[in-house]
Amino acid sequence: MKQCYYRFTAAAAVLLALALALCGCSSGGNQAAAEGTDAGGSGGSNFWNSEENGASAGTPANLNVTVDYSDFDVLDTWDDDACRIELQDGGASISGSGAEAEQREYYVVKITEGGTYVISGSLENGQIYVEAGENQVHLVLNGAAISCNASAPIYINNGRKTVITLAAGTENILTDGTDYTYSVTETDAETGEVTGEPNAALFSKKALTMNGSGSLSVTGNFNNGITCKDELKIMNGTITVTAKNHGIRGNDFVVIKGGSIAVAASEGDGIKSTKADHAEKGYVYIENGTLSVTAGDDGIQAVTIAVVKGGAISLACGKDGIHSDGGISVSGGEILITAEDDGMHADGTLSISGGTIDIEKSYEGLEGLEIDISGGKIHLTAEDDGLNASAGSASGTDGWRGFGGGGGMQYDSSCQIYISGGYLYVDADGDGIDSNGDLTISGGSVIINGPTNSGNGALDANGTILVNGGFLVASGSSGMAEYPSGSSEQNVIVATLSQQQAGALLRIEDADGNDLLTFTSTKTYNSLVFSSPDIKSGMEYTVYTGGSYSGGTESDGLMADGSYTGGSAFGSVTVSTILSYVGTSGGMNGPGGMGGRPGRR
């Protein structure tokens, strides 16, 4: 986002030229026009549902995560000789070996041996406590309701993996109190803060897997809903978590393979992984299932990477929808986000190669050090920038409502945006697409309804904007408008108008009357940048404004297969170079401009 307006005097122009040479920000020469295609005009209709997956021009970090599932992870049956624990309000009846009961501050059923334990009934102010050494434990919740006033209703202190199966057709409930009596406490040497465990209604110190087709309701009145200090996998089941702080927290990783999960985290993150000192851990991996999250902080939070490969995900968050201190990778699924800060925020690479993403509300839509879009279908609305590639700023704050508090005016080669496939629709009040480094479009479809204020532009890069392929329509204000470099490989038409009202039609057609673009914006705009493989060297193109459109179809402001009448010719141009201008050029580059401009957020 631009935070001030700029005046350019003769002296400033000299300084600007020097700054551009030093930081690598230039618009490049305007080379001869490309031949274009022989499609004869598409009217945009060929690009509405583009899902091609082109190879990225960038060098993103390794975003691959492989998850292994053991036979124990999928074990959801049990034998008749399993130990049975029948909870009876203030006590329990135990049939079989490996478990014992004792009365403490609250009633405790202690499991001391490996094996399978089938738990049913109701226990008031009690706990299932697992401490079976290095043995595997299989807990079957077969219609169990457990509450504990001063600790976790289920506390797993086991040395190896535990599997919790939600028995088919059963409802299971875990509820804790508002104050815990910790069994283990730790004091931070620097801050003096006292923390302890357990700290969640369902707490596991070692690896935990949850499976089965039954249901589980977890209420964490004290702190978290579900906490695992090791590896956490959710295979299936219907799981509802309500928590004061974090909803579902796994240390090494959180994996969701399926099921239906609803999380309400009042103060913290919805789902998070916290392992920060291991490059291959600290991730959240969603393979399938239905996930609904409301969170006071981030919806999904990862240390190394957040991966979405499938599923239906809905996130309503007080901060970011999906946040990662490392990378984000989306290759499938349906994601709906409402966020007070960023829709998706990666401190490293944000990669989207598939899936459907709808960011209904955000401060900035997609933000990362590098953004790589090679597939998928994306719609986003942003109060500030739609896409923002930034390394942040040491002078910034904690990143709330902005990546590290700013990106500055300097060119940063580590900040890159690559769009090589897919479909991207942006409605942004700040910059439509903003890179503190370079922006390269080589495929896919990009439709931008950009800013109406003169401090921002539909396209913004501190370095070079290249359009080497794909379909681009970018409308916005003209005061700070930036245009693609003349070194691009695909022809571009730039139209600068006095003012085009929201909802009014703009049409570009060739000398034979073929429709290349019929478009209507949701906002008033002065500048429109259009690029398509259909723009051919030596062909004359005319821009029309106003008029009416009947029949055909409309999607995201693109009209096709109908009839256009009544428009007024605004201007014509014969394409001879990569950049062709219609109207008086505004903004910071183009004829009569600065030939580029200093990069700014």
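Visitor: Which residues touch the most other members of the largest nonpolar core?

Guide: In this predicted model, the largest nonpolar core holds 99 residues. In soluble globular proteins, nonpolar side chains tend to be buried together. The members that touch the most others are Leu139, Ile248, Met344, Leu366, Leu387, Leu424 and Ile433.

Visitor: What is Met344 in contact with, leaving aside its neighbours within four places in sequence?

Guide: Met344 belongs to the largest nonpolar core and is listed there with Leu366. Leu366 also appears among the contacts of Met344. With near neighbours in sequence set aside, the partners of Met344 are Ile322, Ile328, Val330, Ile335, Ile337, Leu350, Ile357, Gly365, Leu366 and Glu367.

Visitor: How many residues form the other core, which lies apart from the largest one?

Guide: Tyr423, Phe530, Ile535 and Val543 are among the members of this other core. It lies apart from the largest nonpolar core, and its residues number 25.

Visitor: How many strands does the protein have?

Guide: The protein has 601 residues, of which 58% count as buried. Among contacts with a separation of 6 or more, 56% are between residues 24 or more positions apart. Its secondary structure comprises 1 helix, and the number of strands is 46.

Visitor: What share of the exposed area do carbon and sulfur atoms supply?

Guide: The protein exposes about 21600 Å². Of that area, the share supplied by carbon and sulfur atoms is 45%.

Visitor: Which strand gives the largest share of the lining of the second largest cavity?

Guide: Rolling a probe the size of a water molecule over the atoms shows where empty space is left. A search of the whole structure finds 2 cavities of 30 Å³ or more, and the second largest has a volume of about 60 Å³. At least two lining residues come from each of strand 37 (465-476) and strand 41 (525-531). The largest share, 3 residues, is that of strand 37.

Visitor: How many residues in the lining of the second largest cavity are charged?

Guide: The lining consists of Gly457, Ala458, Leu459, Ala474, Ser475, Gly476, Ser477, Ala481, Glu482, Ser527 and Val529. These divide into 5 nonpolar and 5 polar residues, and the number of charged ones is 1.

Visitor: Is Ile94 buried, exposed or partly exposed?

Guide: Ile94 lies in strand 2 (residues 91-95). Beyond four places in sequence, it touches Cys83, Arg84, Ile85, Ala99, Glu100, Ala101 and Val109. Because its relative accessible area is 26%, which falls between the limits of 20% and 50%, Ile94 is partly exposed.

Visitor: What distance separates the C-alpha atoms of Ile94 and Ile119?

Guide: Along the chain, Ile94 and Ile119 are 25 residues apart. In the model, the separation of their C-alpha atoms is 9.4 Å.

Visitor: Is Asp556 buried or exposed?

Guide: Asp556 is found in the loop between strand 43 (548-555) and strand 44 (558-565). Its phi is near 55°, a positive value in a residue other than glycine. Since buried means under 20% relative accessible area and Asp556 has 19%, Asp556 is buried.

Visitor: Is Asp89 buried or exposed?

Guide: Asp89, in strand 1 (residues 83-89), has a positive phi near 55°. Because exposed means over 50% and its relative accessibility is 52%, Asp89 is exposed.

Visitor: Which peptide bond is cis, with omega near 0°?

Guide: The bond leads into Pro198, a residue of the loop between strand 12 (194-197) and strand 13 (200-204). The cis peptide bond is the one from Glu197 to Pro198.

How values were computed: Residues are numbered from 1 along each chain as its sequence is written. This is a predicted model: local features need pLDDT of at least 70, side-chain atom pairs count only at pLDDT 80 or more; totals for chains, interfaces and linings use all residues. Side-chain values use heavy atoms; hydrogens and water are left out. Helices (H or I, at least four residues) and strands (E, at least two) are DSSP runs, numbered from the N terminus. Buried means under 20% relative accessible area, exposed over 50%, partly exposed in between (1.4 Å probe, protein chains only). Contact means heavy atoms within 4.5 Å. Accessible areas come from the Shrake-Rupley method with a 1.4 Å probe; for residues, only the protein chains shown count as cover. A nonpolar core is a set of buried Ala, Val, Leu, Ile, Met, Phe, Trp, Tyr and Cys residues joined through side-chain atoms within 4.5 Å. On a 1 Å grid over the protein atoms alone, a cavity is a set of points where a 1.4 Å probe fits but cannot get out, and a pocket is an open set with protein on both sides within 12 Å along at least five of seven lines; lining residues have an atom within 4 Å of a point. Grid points are joined across faces, edges and corners, and a volume is the space filled by probe spheres set on the points. Ala, Val, Leu, Ile, Met, Phe, Trp, Tyr, Cys and Pro count as nonpolar, Asp, Glu, Lys and Arg as charged, and the others, Gly among them, as polar.
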